[in-house]
Amino acid sequence: MTLSRRNFVRILGGGAVFAAAAGGAWAGTRDPFSARAPWRVAGIDGTDIRRFALSYAVLAPNPHNRQPWLVRLDGTDSLTLYCELDRRLPQTDPFDRQITVGLGAFLEILSMAAAEHGWRAEIAAFPQGEPHPRLDRRPVAQVRFRRDGTEKDPLFGWVQQRRTNRNVYDGRPVAAAMLGQVTGTVRQARMGSTNDPARREALSALAIAALAMEMKLPRTVRETVDALRVGKAEIDRRPDGIALAGPVVEGAYELGLFSPADLLDPDSSISVRERANEHKQIGSSAAFAWLVTDGNSRADQIAAGRDYLRFCLAATAAGFSMQPLSQALQEYPEMAGHYRDMRRELGVGANETLQMFVRLGYGPAVEPAPRWPYESRIRA
Ligand SMILES: Cc1cc2nc3c(=O)[nH]c(=O)nc-3n(C[C@H](O)[C@H](O)[C@H](O)COP(=O)(O)O)c2cc1C
């Protein structure tokens with residue numbers, strides 16, 4: 001069978017034809033099984049509360065799945081968390097705000113996991129001072145584990161079910177009461193939400209425009225292209241970034257019918273198709289939610305990440321699918337207009353910081369994203 005690039009892209013977009021391109025046996029082996037192993041084995045290592053908690057913390061949501069966490073175990077009851085600096089995203093996240101939010105989500109899971117066995121994780125964020133304008137080699141947090149019978153958090157049970165879901169949602173409405181319940185789980189940040197159709201339309205248009213800007217600029221789209229991992233072998237070898245898995249994608253990639261680098265050309269058929277898909281995906285959102293902090297200190301960013309994680313788990317428990325849409329929140333010059341418009345639409349105050357913007361709805365089930373095993377994130 002020959003597939004032109006254009007036809008292949010049509011198949012990808014339609015998502016219809018798994019069986020057509022891929023004969024049974026080979027197709028059945030294309031899941032990146034080992035890259036998803038950390039989701040299955042979390043909690044198995046019970047010898048040390050720090051290792052137990054770390055095996056869950058690496059499942060935290062984080063920008064482009066860069067997994068910037070690096071940990072040093074100190075003595076018998078403490079650890080230090082660092083950011084691995086070359087895992088940042090300097091073009092789309094020039095002040096490392098989003099990377100820090102992801103590290104906050106990591107710390108929230110760490111703390112919840114420790115509580116499962118009655119341990120309190122005492123977290124001191126940026127104990128040697130807050131790095132600005134970018135992160136540096138100083139620790140992100142020092143954590144001491146103390147067994148004091150601290151209570152379990154009921155949200156913890158959803159850690160292994162949580163996913164970022166980039167699919168088209170099915171159009172079912174999200175009830176305001178449930179939305180309120182989910183956004184009410186945050187502790188430090190302010191969370192807003194809407195399911196109002198007119199507001200949804202305005203917010204979708206802003207998110208789509210901001211995404212188009214990111215996809216148009218070669219230096220920002222390059223960060224996405226570099227994060228893409230295509231096919232089982234590549235995903236298992238480098239279990240980070242955004243995985244494109246499955247027999248159709250992998251088969252077409254092997255046949256040379258597409259390459260992630262095609263996205264660098266805004267006129268390529270894959271870029272055109274991608275933009276159409278994004279319209280459909282964002283347009284299918286049943287609700288939006290956003291998280292705002294009073295300031296934008298590193299401590300605020302960590303708090304935002306911790307709260308974002310709580311929100312994600314509560315949304316998972318409620319049966320929602322969710323996807324952050326971060327483009328309009330990004331702090332690089334070309335995005336300034338969209339940044340201003342989004343803040344205005346959401347009523348974010350002059351001194352406040354919009355830390356997360358997320359779409360919600362009901363989407364098809366998705367597989368967990370790849371992760372490096374937690375052991376590989378422990379430094380000597
Ligand atoms: C601060 C932050 C910003 C993010 N921005 C986006 C985004 O703009 N678009 C998107 O699809 N996912 C976004 N994500 C989700 C990550 O890509 C996702 O967490 C990562 O790929 C791992 O997948 P998982 O959440 O399914 O475990 C963001 C996550 C965080 C923490």
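How far does a polar side-chain atom of Ser326 lie from a nitrogen atom of the ligand? In this model, which is a predicted one, the distance between that atom of Ser326 and the ligand nitrogen comes to 2.6 Å.

Let me stay with the ligand for a moment. Its surroundings comprise 21 residues, of which Arg162, Thr164, Arg166, Ser326 and Arg371 come nearest. For Thr164, an N or O atom of the side chain is placed 2.6 Å from an oxygen atom of the ligand, and for Arg371 the corresponding distance, again from a side-chain N or O atom to a ligand oxygen, is 2.7 Å. Taken on its own, the ligand has 620 Å² of accessible area, and the protein covers 93% of that. Two elements, helix 6 (97-115) and strand 9 (321-324), each give two or more residues to this shell. Sorted by class, the shell holds nine nonpolar residues, eight polar ones and four charged ones.

I would now like to turn to Gln67, a residue that touches Arg371. Gln67 sits in the loop that runs between helix 5 (49-57) and strand 1 (69-74), and because its relative accessibility is 0%, where the cut-off for buried is under 20%, Gln67 counts as buried. Its side chain makes a polar contact of 3.2 Å with the side chain of Asn65, and the Gln67 side chain also reaches the backbone oxygen of Pro239, at 3.0 Å. Leaving aside residues up to four places away in sequence, the residues that Gln67 touches include Asn62, Arg87, Asp240, Pro370, Trp372 and Arg377, along with Pro239 and Arg371, which I have already mentioned.

How values were computed
Residues numbered from 1 in each chain as written. Predicted model: local features only at pLDDT ≥ 70, side-chain atom pairs only at ≥ 80, totals over all residues. Heavy atoms only, no water. Helix = DSSP H or I, 4+ residues; strand = E, 2+ residues; numbered from the N terminus. Buried < 20%, exposed > 50% of the residue type's maximum accessible area, 1.4 Å probe, protein only. Polar contact = N/O pair within 3.5 Å; in protein donor to acceptor, adjacent residues only side chain to side chain. Contact = heavy atoms within 4.5 Å. Near = heavy atom within 4 Å. Areas by Shrake-Rupley, 256 points an atom, 1.4 Å probe, with all protein chains shown as cover. Nonpolar A, V, L, I, M, F, W, Y, C, P; charged D, E, K, R; others polar.
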